[in-house]
Protein chains: 2
Amino acid sequence: MNDVIKPGSTTQTAPRAPYHHGDLRSALLDASEAELAEKGIERFSLRGVAKRAGVSHAAPAHHFGDSNGLLSALAARGFHMFLERQQDFKRQASASPDEQIKAATLGYVNFALENPALFRLMFSSDRPDFRSEELDGAATAGFMALVADIERLTGSNPFENQEAMLQVSATWALAHGMADLLCSGRLKSVGQLEADGRNAQITAIMARLLDSGDD
Amino acid sequence: MNDVIKPGSTTQTAPRAPYHHGDLRSALLDASEAELAEKGIERFSLRGVAKRAGVSHAAPAHHFGDSNGLLSALAARGFHMFLERQQDFKRQASASPDEQIKAATLGYVNFALENPALFRLMFSSDRPDFRSEELDGAATAGFMALVADIERLTGSNPFENQEAMLQVSATWALAHGMADLLCSGRLKSVGQLEADGRNAQITAIMARLLDSGDD
DNA sequence: TAGGACATCTTTCCATTGTCAAGTTTGCTT
DNA sequence: AAGCAAACTTGACAATGGAAAGATGTCCTA
């Protein structure tokens, strides 16, 4: 009726306001990320998300179907952030293949430590639906980047060379294991250190693998 | 006093029946394990557990406090099973330190694949309370076994030698990364294989690390 | 410019869940 | 035998996710 802007909006940055709320979809994703970071996935509440976004508790359903749909979209966005964080580190490293891999590992682990709940959503939850094109694509992109790095390192295409694919698996598993253990508070001998020392240890551990069988 | 078996029991195998139900505590743990395996931790229901055990929905509270208390006890039992599974493999392997570590890794990963939901409860959940003496002790025992193996491998006590502790971290992280990725359906190049081929790949990956810096 | 058609969001309602408080049964102790 | 404490049940409550139906705003077309 009137053109008064609804006061319910909370933290929108530059909304195009095409509709009632103004890009509620991404506002809900922001709210979900905050809810997840604060509560963890096991106390994540859809109604809590709606409250953060300043809308009714049933509003998310229209954009995401159910709560798992929302978490799927959030996980997909998480994988994009994840890949970017790895690229952050890679850009600051030397161009040699093994340095690039070490840098990606640092990005991998630091992302997990910076976003532990989101990392768990992406890797240790049944709620996101990986049959979703969007999510599967986002998750696959990171894997493909690693495959390319290993190809540069070994000179063999991992999809054609079993030994190179084994190197992919080993590298991924080692990076993932450090990330998962650290963000669950295990692996205390590494986790207790401050950022620089921790990153040095992570690199040293990865070096132990890379300096071995870089055939 | 008497040896009359209560007729209200539903699915007990060989109950001592010291009380009303007959060792309800462990019956609830069994029921929880089944509930967890079927539903996963994210749809785990305390009332579902009670229904499985054939008791009222509030019965678990007396033995475990709240649902997190039950999950803490279940996780502790999980860590014992976890260690046993590693020892299963170690007994069937040669006594050399690196073969023992490879065997433990096979136990680590196979346990995760056999009990994916329980594995997630143990490593990727905030619900178990690790301040609990029982749980912390069970979780620490596995770590100490690895430390001992690395000491045998390197000849140095990891608690006194930084390089050896780095080896502990690397070994644990690699085993854990494989386990976590495989039981989440990632790492398909390994996960698609049948058991024997999969175990061979796991061993080959671990060898890549152990054959490197076993100083 | 009026009138649908439709996407967006709210309100209301319901089944399920975890937890609490009180009551009931059972075995043990003295 | 009496009482006591442990073990378990019953009933209630607030919070949650989801379904259904209503309300509101926007756009497209005639």
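**View 1. Leu187(B) sits in the loop between helix H8 (162–183) and helix H9 (188–191) of chain B.** This is a predicted model, and the first close-up looks at a small oddity in its backbone. Leu187(B) isn't a glycine, yet its phi is positive, at about 55 degrees. As a rule, most residues other than glycine have a negative phi. What is the relative accessibility of Leu187(B)? It comes to 4%, so Leu187(B) counts as buried.

**View 2. Leu187(A) is the matching spot in chain A, in the loop that joins helix H8 (162–183) to helix H9 (188–191).** Here too the residue is not a glycine, and the phi of Leu187(A) is positive, at about 55 degrees. With 5% relative accessibility, Leu187(A) falls under the 20% cut-off and therefore counts as buried.

**View 3. Chain A on its own is built from ten helices and zero strands.** Follow the sequence along and the pattern reads α-α-α-α-α-α-α-α-α-α. Of the 215 residues in chain A, 48% are buried. Take the contacts in chain A with a separation of 6 or more: 64% of them join residues 24 or more positions apart. The accessible surface of chain A is about 10500 Å², and carbon and sulfur atoms account for 51% of it.

**View 4. Chain A lands on chain B after a rotation of 180 degrees, with 0.0 Å of shift along the axis.** The RMSD of that superposition is 0.0 Å. This is how a two-fold axis relates two copies. Which residue of chain A has the C-alpha nearest the axis? That's Gly177(A), with its C-alpha 1.8 Å from the axis.

**View 5. Where the chains meet, 38 residues of chain A are in contact with 38 residues of chain B.** People often give the size of an interface as the accessible area lost when the parts come together. For chain A and chain B, the buried area is about 3500 Å², with 55% of it from carbon and sulfur atoms. On the chain A side, Glu42(A), Arg186(A) and Arg208(A) lose the most area to chain B, and together they make up 23% of what that side buries. Why can we say the copies meet through the same surface? Because 100% of the interface residues of chain A are also interface residues in chain B.

**View 6. Phe119(A), Phe123(A), Phe119(B) and Phe123(B) touch the most other members of the largest nonpolar core.** That core has 121 residues. Zoom in on Phe119(B) and set aside its neighbours within four places in sequence: its contacts include Phe82(B), Tyr108(B) and Phe111(B). His176(B), Ala179(B), Asp180(B) and Cys183(B) are also among the contacts of Phe119(B).

**View 7. Cys183(A) is in no disulfide.** A disulfide is a covalent bond between the sulfur atoms of two cysteines. How many disulfides are there over all chains? The count is zero. For Cys183(A), the nearest cysteine sulfur belongs to Cys183(B) and is 14 Å away. Seen from the other side, the cysteine sulfur closest to that of Cys183(B) is in Cys183(A), and 14 Å is too far for a bond. Are these two cysteines buried or exposed? Cys183(A) is buried, with a relative accessible area of 14%, and Cys183(B) is buried too, at 13%.

Notes
Residues numbered from 1 in each chain as written. Chains lettered and ligands numbered in written order. Predicted model: local features only at pLDDT ≥ 70, side-chain atom pairs only at ≥ 80, totals over all residues. Heavy atoms only, no water. Helix = DSSP H or I, 4+ residues; strand = E, 2+ residues; numbered from the N terminus. Buried < 20%, exposed > 50% of the residue type's maximum accessible area, 1.4 Å probe, protein only. Least-squares fit on C-alpha atoms with pLDDT ≥ 70 in both. Contact = heavy atoms within 4.5 Å. Core = buried A, V, L, I, M, F, W, Y, C linked by side-chain atoms within 4.5 Å. Disulfide = S-S within 2.5 Å. Areas by Shrake-Rupley, 256 points an atom, 1.4 Å probe, with all protein chains shown as cover. Buried area = accessible area lost by both parts, 1.4 Å probe.
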